[in-house]
Structure formats: C-alpha cells, structure tokens
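Student: I would like a close look at a single part of this structure. Please choose one helix, describe its surroundings, and then place it in the chain.

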Amino acid sequence: MTPMREQDLIYLDHAATTPVAPAVLEAMLPYFSEKFGNPSSVYATARESRRAIDAARDAVAVVLGARSSEIVFTGSGTESDNLAIKGVAFANRVRGNHVITSQVEHHAVLHSCDYLEKFGFRVTRLPVDRLGVVDLDALEAALDDQTILVSIMYANNEVGTVEPIREVVRIVKGRNPRTVVHTDAVQAGGALDLSVDRLGVDMLSLSGHKFYGPKGVGVLYVRRGTPYWPQQHGGAQERNRRAGTENVPGIVGFAAALKLAYDRLEENNAHVRRLRDRIVAGVLVSVDRAVLTGHPTERLPNNASFCFEGVEGESVLLSLDQQGIMASSGSACTSASLEPSHVLLAMGLPPELAHGSLRITTGLDNTDEQIDRLLAVLPETISRLRALGG
C-alpha cells in the first residue's frame with residue numbers, strides 16, 4: 001500500500017485542536033530564547049518578559065471588553081474551569097453550598113463538581129432537550145437561597161449547540177445578583193462574541209489551542225469583585241491568583257491568536273460555515289439513517305456532528321484515518337473511553353445510536369476539494385461497516 005503523503009491528509013478535527021498560525025508562532029519565538037527572562041525578576045531581560053505579559057493581558061482584555069486586571073493566565077482551559085468552579089465554591093461557602101451546572105458540560109466542569117460533592121457541596125445537573133439546549137425552566141426551579149455558582153457552557157464541544165447564556169444570566173441574577181455565573185467558552189473562542197458585558201457572566205474560560213494559538217495556555221476572566229480562592233499556591237504571580245512562573249511564549253501566543261481570530265471573525269466564520277453546511281447537506285442526503293446531532297441553526301459555525309445507525313464511531317474513525325481523513329467521535333479528552341458520549345445520552349439518544357457518533361469540525365485551511373473527498377469516502381465507509389456488522 002502506498003504511504004499517504006502529508007499533502008493528501010485531510011484534518012477535520014479543529015474542535016480538538018488547531019495548528020498554530022504562522023503569525024502567532026512568529027510572535028512567540030523570541031520568548032523561547034532571545035527574551036527568556038523570568039518576568040518576576042528585576043533585570044532588563046526580565047522586564048522585557050513582564051512587558052510582554054502586560055501587553056498580552058491588555059490585548060485579551062480588549063477582545064473580552066474587560067479590564068486588564070480581570071484577566072488571569074492559566075495553563076489550559078481545564079485549569080481555568082477548575083479554578084473558577086472550585087475557587088468560587090470554597091470562597092463562598094459561608095453564603096451557601098449549592099452549585100448548578102448542566103449534564104452536557106465538558107468533564108473539566110463535571111469532574112470539578114464531582115470533587116465539590118466530596119466536601120459537602122450540593123450539585124444540581126440540569127437536563128437538556130434533544131438538541132442539547134439547557135432547560136431554563138429547570139434552572140429557575142433549581143435556584144435557591146444556597147446557590148452560590150451556576151456554570152453553563154457557552155457552546156458544546158461535541159455537538160456544537162450554543163447555549164442561551166444571556167438568558168441564563170438573566171434568570172440567575174434576577175433571583176440573586178450575588179450568585180456567580182461562569183461559562184466554559186473554550187469552544188466558543190475564535191467563533192462567537194466574547195464580550196463579557198453583553199454575555200453578563202462573572203467568569204469565562206478560554207484555551208489558546210482552539211483558535212490557532214499554542215497548547216498549554218488558557219485564560220480565566222474574573223469580573224472585579226467576584227470572590228474566589230486560588231487553587232494553585234506558591235509564588236505571587238497573576239496578582240496572587242495563580243502561582244507559578246508564567247509561560248511567557250504561550251501567553252504572547254494566546255494574545256496574538258485571539259486578536260487575529262477576532263480581527264478576521266466574520267471572514268473566518270463564513271469560510272468554515274460554508275464548508276460545514278456542505279458537509280451537513282451532503283451527509284444527510286448520501287448516508288441512509290444518518291442523524292444530525294445538536295441544534296440545526298444555533299450551533300458553532302464549524303461543527304457538523306452526526307450519529308449513524310448500525311456502526312461504531314471508533315470503526316468509522318479508523319476507516320477514515322486509513323484514507324487520510326482525521327475526525328473525532330466526540331470530545332478529544334474522552335477518546336480513550338469506550339462509553340457512549342454523556343452529551344448524546346443526556347440529549348436522549350439511545351446508547352446503541354450514540355455509539356455511532358462522528359464529529360467533523362472544519363478549519364481555515366480546509367478546501368472544497370477536501371470536502372468533496374470526505375463526501376465521497378464517508379458514505380462508502382458507513383455502508384461497508386454496516387455490511388461487516390451484519
């Protein structure tokens with residue numbers, strides 16, 4: 001068999017991670033070697049690193065419509081979620097012990113809530129409808145005088161559904177303005193409006209590698225006055241909010257990628273949405289018993305997610321990989337699990353159908369020719385796997 005050439009490979013898993021944009025890499029490179037100083041030191045090269053972090057913080061704040069002092073750099077979106085949920089819960093325990101989230105959150109949120117339960121916190125996990133939209137009536141009913149935190153994701157990482165965050169904030173703050181609202185916006189970064197004032201949230205999590213920035217760097221926005229406790233202790237970095245020597249190249253890259261993404265937001269979204277729409281239309285026409293999962297319109301512009309009756313998602317992925325097409329069966333963080341997606345089960349899909357999931361997420365470098373190739377290969381792949389499965 002002739003080895004697949006790199007130029008023949010088709011990457012359609014941009015929800016898992018994205019390549020670092022050339023301009024972002026260029027901005028980062030000096031801080032690996034030439035400008036390597038520890039930003040906590042006082043000499044010239046250290047001050048250069050400190051200035052780079054300050055400039056990055058300012059740039060992120062502009063995109064979010066926030067104060068620079070409200071931006072906390074972290075090591076990942078997962079850390080940002082953990083910091084928000086645990087930090088708020090423990091800092092506000094004197095006021096209450098109730099936390100509300102949804103059943104379709106990323107595991108960084110769900111497992112943080114599981115952790116809180118070990119310390120006596122009560123956690124309500126809200127249901128969603130068949131499209132993955134959180135039940136706002138259930139939210140209103142769940143709120144009580146002990147509710148200190150509500151964490152609802154901005155957009156789902158598996159099926160792409162965009163949640164009604166503004167309505168969530170309106171309901172929560174209408175009941176108690178002191179209740180903190182956090183949103184995991186990791187998948188929304190580079191695709192949706194991140195204005196924290198328009199959203200109304202108190203805390204917001206981001207991760208650089210979802211919008212053509214580097215891995216290993218995230219952000220937590222913390223609205224001024226929001227009480228929370230640091231979860232990482234040691235030095236006084238990030239104004240005593242997150243200890244540890246700063247990842248200066250990563251921080252510079254995060255800010256450069258975020259600015260680039262929002263400078264070109266409409267153009268980028270138009271490109272990935274057009275390719276996404278071609279995939280959705282083509283798959284639903286050409287593959288029998290294919291189900292589009294997630295909201296048909298209120299979804300991330302690059303997300304096309306399906307379930308196929310009579311096949312295993314893992315088999316579909318392996319077959320596509322043999323033909324040079326890279327996709328996902330759901331969240332990259334759970335790819336080692338053989339359990340059906342908790343998101344799909346919460347949406348009411350039967351386990352046997354949820355096992356046949358496929359997530360395709362388009363990116364800036366994808367072309368029409370690549371989508372043509374996918375639409376030629378996928379129907380044949382599903383048909384063959386169904387025949388093999390009897």
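Tutor: Helices, of at least four residues, and strands, of at least two, are here DSSP runs numbered from the N terminus. Counted in this way, the predicted model has 14 helices and 12 strands. The part chosen is helix 6, which comprises residues 165–175.

The buried residues of helix 6 are Ile165, Val168, Val169, Ile171 and Val172. Because they cover an arc of only 165° around the axis, they lie on the same side of helix 6. On the other side of the helix, Arg170 and Gly174 are exposed. As a guide to these words, buried stands for a relative accessible area under 20% and exposed for one over 50%. The buried residues of helix 6 pack against two helices, helix 5 (136–142) and helix 7 (196–199), and against two strands, strand 5 (147–151) and strand 6 (180–184).

The loop between strand 5 and helix 6 contains Gly160. This glycine is buried, its relative accessible area being 0%. Residues up to four places away in sequence aside, Gly160 touches Glu298, Arg299, Leu300 and Asn303. By contrast, 31 Å separates the C-alpha atom of Gly160 from that of Gln232, a residue 72 positions away along the chain.

Two further residues deserve attention for their backbone angles. Most residues other than glycine have a negative phi. Tyr212, in the loop between strand 7 (203–207) and strand 8 (218–222), has a positive phi, near 70°. Its relative accessibility is 16%, so Tyr212 counts as buried. Glu238 also has a positive phi, near 50°, but its place is in helix 8 (residues 237–240). With a relative accessibility of 5%, Glu238 too counts as buried.

The chain as a whole supplies the setting. Of its 390 residues, 56% count as buried. Among the contacts with a separation of 6 or more, 74% are between residues 24 or more positions apart. The radius of gyration is 21 Å, which agrees with the value near 21 Å for a compact globule of 390 residues. Along its principal axes, the C-alpha trace spans about 65 × 55 × 35 Å. The accessible surface comes to about 16,800 Å², with 52% of it belonging to carbon and sulfur atoms. Finally, the chain has 39 positive and 46 negative charges, whose mean positions are 6 Å apart.

Notes: Residues numbered from 1 in each chain as written. Predicted model: local features only at pLDDT ≥ 70, side-chain atom pairs only at ≥ 80, totals over all residues. Heavy atoms only, no water. Rg over C-alpha atoms; globule rule 2.2 N^0.38 Å. Buried < 20%, exposed > 50% of the residue type's maximum accessible area, 1.4 Å probe, protein only. Contact = heavy atoms within 4.5 Å. Areas by Shrake-Rupley, 256 points an atom, 1.4 Å probe, with all protein chains shown as cover. Lys, Arg positive; Asp, Glu negative; His and termini not counted. Charge placed at Lys NZ, Arg CZ, Asp CG, Glu CD. Arc of directions from axis to C-beta.
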